[in-house]
Every structure is written in C-alpha cells, then in structure tokens.
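Work through the exercises below with the sequence and the 3D structure at hand. Each task is followed by a solution in steps.

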Amino acid sequence: MDFRTVLDKCGNYGRFQVVLLLLYGYTNILGSLHYFSQTLITFTPEHWCSHVDLEGLSAEQLRSVYSDILDSSCTLLSALVNGTGKVAEGGECRNWIFMRERGYESITTELKWVCDKSHHPALGQSFFFMGSVLGTITFGYLSDRIGRLPSLLMATLCGATGDFMTSFVYTLPWFAVSRFVSGLSTDTMYYLMYILVFEYLSPKSRSFGLNIILAIFYCFGLMTSPWAAIWIGNWRRYLWLASLPALGVLIYPLLICESAQWLLTKKKYDQAVACLKKVAKFNGRQVEESVFDEFIKYYSERALEESKLRDREDTFLAMFRTPRLRRFTLTLLMKSVIITLSCDVINRNMEGLGTSPFKLFSLTSVVYLPAGLAILLLQNRIGRKGMACSALFVGGLITTGTGVMIAHLDPSQNALLLAIMIGLGRFGAAVSYDAEIQYAAEIIPTSVRGQAVSNIHVAGLASSSLAFYVIYLAQYYKPLPSIFISCLMFIGAGLCFTLPETMDKKLPETLADGEKFALGESFLYFPCLRKKRTILSNQKV
C-alpha cells in the first residue's frame with residue numbers, strides 16, 4: 001500500500017490541505033515583499049545637480065534648464081542665464097534635486113548614491129544574488145537532510161533578518177553584508193513551501209491549489225508593495241514592513257507537519273505514519289491501524305529490495321550517472337536559466353516607458369491572477385509538457401512585439417499601449433515560470449527533490465545577475481533586450497520536447513524510478529494530441 005493510496009484514505013484535499021494552501025499563500029506574500037524589496041529600496045528617481053537658482057522650479061522647467069547639457073544629473077552649474085544653465089568650469093556636484101515619487105525616500109535619495117556613487121545599489125544587488133546562490137544550495141541540501149519544514153523556517157527567518165539589518169545601514173560595506181544575508185532566503189522560502197504542499201496534494205488538485213493560491217497571494221503582494229512603500233514614505237520603514245511578518249512562520253509547525261514522503265525516503269516510517277494520522281484527524285477521517293501497518297510493511301520491503309540493488313544513497317549528483325536522468329537534469333537546468341533570466345529582465349525593465357515605474361509595476365502585476373487561471377484551465381488539458389512549451393513560445397512572441405513597439409513608438413505618446421504590452425509580457429513570463437516549477441517538481445524523484453529543485457533554482461538565480469547587462473543592450477539598439485529574451489524563450493520552448501510528460505502518471509520516488517520514468521515515450525508525445533487522434537480513430541471505426 002503506497003503513499004498515494006494511504007493519503008487518499010486520510011484525505012488528499014481536506015481541511016489539512018486548505019490550511020496548508022493558506023500558509024502557502026502567506027509565504028507567497030512574504031516572498032513577493034522580500035524579493036522585490038531590492039528594487040523598491042534602490043529606486044532612483046529623475047534628478048538634477050542642485051543650484052540655488054533652481055529652487056522651486058518644476059520638473060519641466062528643470063528639464064528645460066538642462067536641455068543643452070549632456071549629463072544633467074551630474075553637471076554642476078555656475079549660474080542660470082535666460083532660463084538656461086551655464087556649466088561651471090570646476091567643482092563636483094554634491095547635492096541634487098530629486099523628483100521623488102510622491103515624496104518616497106529611497107536609499108539612493110537619502111544617501112545620495114548617484115553619479116560617482118551610482119554603482120553602490122548595483123553592488124548591493126550583486127551581493128544579494130550571491131547570497132541567494134549560497135542560500136539556495138545550503139537550504140536545499142538541508143531540506144533533504146533535516147526536512148522541508150525546519151529548512152523553510154530557517155530560510156524565511158534568515159531573509160527577514162537580512163532585510164531588518166538593511167534598514168539600519170548607512171555605509172556601503174554594511175549594505176552589502178546585510179543584502180547578502182537577505183539574499184540567503186531568496187526563492188528558497190517559496191520553493192520549499194511549494195514542495196511541502198506539492199507532496200500532500202493529489203495530482204488532480206495540484207494545478208488548482210498551487211497555481212490559484214500563487215496567483216492570488218503573489219499578485220496581492222506585488223500589487224500592494226509599491227503602494228505600501230509610497231504610503232510609508234521611507235525605505236527603512238518599508239523594510240520593517242517586509243521583514244517583521246516573517247515571524248508568522250513560527251506557527252507553521254503547530255498547524256502542519258513534515259513531508260511524509262521525505263520521511264519515507266529516510267526510512268523514518270513511524271514519523272511518516274504520525275504525520276498521516278495528523279492529516280486524517282485534521283480532515284475528520286477514520287483510518288484503521290491495519291492500513292498503516294500495511295503501509296510500513298510495503299515501504300520496508302521496498303527499501304530492503306532497493307538496498308540489495310544499490311550501494312549508494314540517492315543524491316543530486318547521482319542524477320548525472322544514468323543517461324535519461326542526466327538528460328532530464330541538464331534540460332531542467334538550462335530551462336531554469338532561460339526562464340529566470342527572462343522573467344527578471346521583463347519584471348525589472350520598468351523605466352523610460354512613459355509611466356511611473358511604481359504605477360507600471362503595480363498595475364501590470366495584476367497579470368499574475370489570469371496567469372494562474374490560464375495554467376489551471378489548460379495544464380490538465382494539454383499536459384505539463386504542452387503548457388511549458390506553449391507558454392514559452394507565446395511569451396517569446398509577445399516579447400518580440402514589445403521590443404518592436406519600444407523601438408518605433410514615442411513612450412510619452414503611447415504610454416498606455418506600452419503598459420499593455422509590458423503587462424502581456426509579464427503574463428507570458430509568469431505562466432512560463434509557474435508552469436516550470438510544477439513540471440520540474442514532478443519529473444524529479446522524491447528522494448532528491450529538495451536538493452535538485454534548489455540546484456536548478458541556483459542556476460536560474462545565477463543567470464539573474466546578467467539581467468542588468470541584458471537591459472543595458474538597449475543602449476546600442478532599443479529593442480535588443482526584447483529580441484535577446486524572445487530568442488531565449490524560443491530555445492526554451494524547443495527544450496521542452498526533450499522532457500517526458502508527467503500528467504496522470506505515478507511520479508518517481510527514487511532515482512531508479514526516475515531513470516525508468518516515461519521510458520519509450522516519444523519526444524512529440526502530447527496528451528491533448530493523443531486524445532484528438534483517439535477520437536478521430538473512433539469516429540472512423
């Protein structure tokens with residue numbers, strides 16, 4: 001009697017799963033506040049070198065004064081003559097006039113990290129992503145060693161500590177250190193909770209539960225965070241808002257339990273049974289003790305048989321020893337790089353489009369809700385492989401169209417159209433990212449799911465450090481970033497053909513299961529096309 005059979009008896013979509021999904025939603029809010037805090041606290045508004053004659057002038061008047069000066073942000077003026085600035089022959093700019101978004105004070109405006117110090121926020125962001133790489137590897141390893149739940153708690157609290165530390169810094173070295181600590185939990189808190197929920201939901205309810213909760217709560221976090229920052233008015237207080245709610249994860253162990261599937265891979269059968277009994281009690285189910293006895297017997301005998309066939313423990317590196325798992329792993333790593341880099345560039349490229357970056361980011365974040373609905377409606381019809389492939393292909397087409405419009409349209413005259421295209425681009429990126437998470441988690445065997453998913457995320461996070469350079473390509477040709485990203489998305493869509501379909505299949509629990517998974521399946525196999533062929537053949541008969 002395997003895990004799925006026993007979970008069906010204990011309840012695979014009852015009150016326990018509802019609580020688990022709500023906590024998953026709360027984790028998504030924490031994740032959205034945490035990840036995009038880096039963007040909000042280092043926002044650099046339009047600014048000009050200050051001069052006594054410029055006091056009280058509007059933004060339009062200031063632009064007019066500096067209209068004939070190449071570097072208006074860092075050029076010191078000696079005087080204002082007939083409404084035009086006269087450049088000083090010597091000296092450096094030390095004070096600036098910032099066009100703050102509704103008075104919002106970022107670390108850039110408070111500490112005057114512009115001109116010769118404009119690299120400071122980027123340096124902090126680099127340390128943030130360095131921390132995310134180390135944290136993803138570390139907590140991913142721990143999740144397969146000490147469990148999903150304790151690793152989740154440590155990762156979340158670690159990130160919150162880093163954000164809280166950042167709110168008290170005044171110098172670049174401490175800013176870099178605190179951002180490194182903050183980055184340790186980036187994405188880790190999200191995917192560890194994702195794995196925990198994934199392993200307690202039935203296959204049919206995964207698409208609904210995971211994607212709808214992600215869409216609603218992550219969308220809520222993204223849409224409200226810019227307005228919360230503006231309402232609070234200061235980057236330090238915003239980091240308090242983003243970090244203190246993380247203390248709520250301390251109640252998670254009181255409401256949910258460790259992954260029973262992970263406990264089974266560690267041969268902790270009694271603890272796995274205790275978790276399943278808690279699930280049954282929470283869901284109001286009565287399960288006979290004989291069911292759990294058969295359950296323990298099944299996995300004990302299976303472990304004994306497997307121990308005779310192998311002398312090594314399942315690890316992430318062991319996935320490279322066999323040809324099919326090696327191909328799956330390398331493909332998932334490459335897809336993670338493509339999707340994460342694409343999402344990061346699309347989500348961060350919000351300036352110079354004729355609309356306030358705060359408004360544009362907030363309003364276009366609403367696409368996460370229809371993105372979740374799209375996955376819900378399509379994923380169980382066209383399959384995981386079809387969803388991942390089509391999302392990347394359509395996203396590539398949208399991104400290409402956006403780049404063409406950016407190149408040929410005046411942002412000030414076409415702000416609404418560009419905002420719609422940015423929203424569509426974020427929609428395609430969100431569908432691609434969310435579909436990929438579930439697809440990868442289903443392909444990877446349970447015994448190494450924590451390590452493998454974390455390492456796949458590491459590859460993606462490492463590619464995020466290239467996002468700035470991709471955006472900088474616009475200096476040479478405006479639509480070049482969009483063209484580059486769309487090409488990557490088309491390549492990602494092609495890589496999907498090399499992966500197996502996972503819909504309506506028993507998922508692998510060990511590396512041996514993973515090597516035999518979907519054996520003999522064609523690269524061109526899509527469940528939706530097979531159903532269509534079956535219907536047509538039945539009609540001919």
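A residue is called buried under 20% relative accessible area, exposed over 50%, and partly exposed in between, with a 1.4 Å probe and protein chains only. The model is predicted, so local features need pLDDT of at least 70 and side-chain atom pairs count only at pLDDT 80 or more, while totals for chains, interfaces and linings use all residues. Residues are numbered from 1 along each chain as its sequence is written, and side-chain values use heavy atoms, with hydrogens and water left out.

**Exercise 1. Disulfides**

Find the disulfides and describe how each one links the chain.

Solution.
Step 1. A disulfide is a pair of cysteine sulfur atoms within 2.5 Å. The structure has two of them.

Step 2. C49 is bonded to C93, with an S to S distance of 2.1 Å. C49 belongs to strand 1 (residues 47-49), and C93 to the loop between strand 3 (84-87) and strand 4 (96-98), 44 residues apart. Strands (E, at least two residues) and helices (H or I, at least four) are DSSP runs numbered from the N terminus. Both cysteines, C49 and C93, are buried. The S-S torsion of C49 and C93 is about 120°, so this disulfide is right-handed.

Step 3. In the pair C74 and C115, the sulfur atoms are 2.0 Å apart. Here the torsion is about -105°, so the disulfide of C74 and C115 is left-handed. C74 sits in the loop between helix 4 (59-65) and strand 2 (77-81), and C115 in the loop between helix 5 (107-110) and helix 6 (119-145), so the bond ties together parts 41 residues apart in sequence. C74 counts as partly exposed because its relative accessibility is 27%.

Step 4. Counting bonded cysteines along the chain gives the pattern 1-3, 2-4.

**Exercise 2. Cysteines without a partner**

Why is C389 not bonded to C496?

Solution.
Step 1. The sulfur of C496 is the closest cysteine sulfur to that of C389, but at 5.1 Å it is too far for a bond. C389 counts as buried because its relative accessibility is 13%.

Step 2. C257 is also in no disulfide; its nearest cysteine sulfur, in C275, is 3.7 Å away. With 8% relative accessibility, C257 counts as buried.

**Exercise 3. A helix pair**

At what angle do helix 9 and helix 20 cross, and which residues make the contact?

Solution.
Step 1. Axes are lines fitted to C-alpha atoms, for helices over the stretch in contact, and angles run from 0 to 180 degrees between N-to-C directions. The axes of helix 9 (residues 188-198) and helix 20 (residues 449-464) cross at roughly 140° and come within 11 Å.

Step 2. Contact means heavy atoms within 4.5 Å. Helix 9 contributes Y191, I195 and F198, and helix 20 contributes R449, G450, V453, S454 and H457.

**Exercise 4. Nonpolar cores**

Which residues touch the most other members of the largest nonpolar core?

Solution.
Step 1. A nonpolar core is a set of buried Ala, Val, Leu, Ile, Met, Phe, Trp, Tyr and Cys residues joined through side-chain atoms within 4.5 Å.

Step 2. The largest has 116 residues, and Y24, M193, Y200, Y252, I256 and L276 touch the most other members. Helix 19 (residues 415-443) gives the most to this core, 11 residues.

Step 3. Setting aside residues up to four places away in sequence, Y24 touches Y190, M193, Y194, V197, L210, I213 and L214.

Step 4. A second, separate core has 19 residues, including L40, W113, L172 and A229.
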